[in-house]
Amino acid sequence: MNILGPDTLVFGVDDVAACKQCLKDYGLVEVAASDTHGVFEALDGTSVVVRHDSDPALPPPIGKSPNIRAVIYGVKDRATLAQIKAELSKDRDVREDADGSIHAVDDIGLAVGFQVSVRRPYEAPAVPVNVPGRPAQRPVNQVAADPDAALPVPRSLSHVVLFVPDVAVAERFYVERLGFRVSDRFTGTGPFLRPAGCADHHTLFLIQAPAFMKGINHFTFHMGSVHELLRAGAAFAAKGYKSFWGPGRHIYGSNWFWYFNSPLGGTLEYDADMDTHDDSWTPRECTAAEDTSQVFLFSLREPWFPSGGNH
């Protein structure tokens, strides 16, 4: 099944105003809003939707609010939608909307939707890096660090991480029914998964957890580079958002990361430079721990400059 990855994450929240402000401060572009909802896009059109948790337009909750209510996946074409509808209709209700999108519920009770992907081309400059011994990528007299440059906008919805009460059941649904591949696995914790139409190391990570925790762990958007991740993260922290983990670099996926607390029910991450894999890749497995989760980790500190006897 040619599923490309998540197009939209839908949240039910108790403080719509705080969530809308958080997503704007994170760097997403507000494209629709009212007192009870907001829609926020990355450069490629992937998005986050927040609605008040009492909104009847939301699917039923799977856990306490605030929390994720639905994941809408983008697919390659209408033939893929027909394939998914035929598969899921074997044992559950599948609703088809007027726009051709289809909607069902996965095996942990989370609403899942599928649509021809909204992902669109966009213009955003790369951040060229000069490496000794290689031709310079950045032209002579062009500076890389410009404090007056506009803050970077997240480029694309990267992945979502869910707490699930039975990780084996959840994994079987995405692998056996929707054709996701396991990239790597944390023993006793859960699998990193990617759909067939995406080479990213993972777009979904499932974590075994008690039933009362069911729902969002975190989600993240791809930034264009480490420079963009650090600049956006520093600006986010300066607005008062508390750093939860990072900046650092993961081992599984190799992506740079920086997580922050958020009012959406889980943490909100920036990521950059994720590994890609094809079907020849052999999944790795280990126990999740400090030395298997990151190759290095930094901690945020207040702005500082050496003075006096410091060298």
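## Contacts along the chain

In this predicted model, contacts between residues at least 6 apart in sequence were sorted by their separation along the protein chain, and 67% of them join residues at least 24 apart. Two residues can therefore touch although many others stand between them in the sequence, given that contact means heavy atoms within 4.5 Å.

Leu 88 gives an example of such contacts. Leaving aside residues up to four places away in sequence, Leu 88 touches Val 94, Ala 104, Phe 114, Phe 173, Arg 177 and Leu 178.

## Overall dimensions and surface

The protein chain has 311 residues, and its radius of gyration is 20 Å; this agrees with a compact globule, because a globule of that length would have a value near 19 Å. Measured out along the principal axes, the C-alpha trace spans about 70 × 50 × 40 Å.

Of the 311 residues, 49% count as buried. The protein chain exposes about 14900 Å², and 54% of this area is supplied by carbon and sulfur atoms. Among the side chains, 28 are positive and 38 are negative. The centres of these two sets lie 1 Å apart.

## Helices, strands and the open sheet

How many helices and strands does the protein chain have? The secondary structure comes to five helices and 18 strands. Eight strands form an open sheet with mixed pairing, in the order β2-β3-β4-β1-β5-β8-β7-β6. The edges are held by β2 and β6 (95-96); each has a single partner strand, so one side of each has no neighbour in the sheet. Strands of a sheet pair through backbone hydrogen bonds, and the pairing may be parallel or antiparallel.

At one edge, strand β2 (residues 29-34) pairs with strand β3 (residues 37-41) in the antiparallel sense, over five bridges. These strands form a hairpin, with two residues between them. One of the bridges joins Ala 33 to its partner in β3, Gly 38. At the other edge, β6 pairs with strand β7 (residues 102-105), also in the antiparallel sense, over two bridges. Here Glu 96 stands opposite Ile 102 of β7.

## Two helices

Helix α1 covers residues 16-26. Its buried residues are Val 16, Cys 19, Lys 20, Cys 22, Leu 23, Asp 25 and Tyr 26. This list includes Lys 20 and Asp 25, and the side chains of Lys and Asp count as charged. After α1 comes Gly 27, with a positive phi near 125°.

Helix α2 covers residues 78-88 and contains Leu 88. Is Leu 88 buried or exposed? Leu 88 counts as buried because its relative accessibility is 1%, and the cut-off for buried is under 20%. From Leu 88 to Val 105 there are 17 residues in sequence, and the distance in space is 9.2 Å from C-alpha to C-alpha.

## Cis peptide bonds and positive phi values

Where are cis peptide bonds found in the model? One runs from Ser 65 to Pro 66, with omega near 0°. Pro 66 lies in the loop between β4 (47-52) and β5 (67-75). Another joins Gly 246 and Pro 247, where omega is about 0°. Pro 247 lies in strand β14 (residues 243-250).

Ser 254 is not a glycine, yet its phi is positive, near 60°. Ser 254 is in the loop between β14 and β15 (256-260), and it is buried, because its relative accessible area is 18%. Asp 273 also has a positive phi near 60° without being a glycine. Asp 273 is placed in the loop between β16 (267-272) and β17 (284-286). With a relative accessibility of 47%, Asp 273 counts as partly exposed.

## A loop residue

Ala 199 lies in the loop between β11 (190-194) and β12 (204-208). With a relative accessible area of 34%, Ala 199 is partly exposed.

Which residues does Ala 199 touch, not counting those up to four places away in sequence? They are Arg 194, Asp 275, Thr 276 and His 277. Asp 53 is 146 residues from Ala 199 in sequence, and the two are 34 Å apart in space, C-alpha to C-alpha.

Technical notes:
Residues numbered from 1 in each chain as written. Predicted model: local features only at pLDDT ≥ 70, side-chain atom pairs only at ≥ 80, totals over all residues. Heavy atoms only, no water. Helix = DSSP H or I, 4+ residues; strand = E, 2+ residues; numbered from the N terminus. Rg over C-alpha atoms; globule rule 2.2 N^0.38 Å. Buried < 20%, exposed > 50% of the residue type's maximum accessible area, 1.4 Å probe, protein only. Areas by Shrake-Rupley, 256 points an atom, 1.4 Å probe, with all protein chains shown as cover. Charge placed at Lys NZ, Arg CZ, Asp CG, Glu CD. Pairing = 2+ DSSP bridges.
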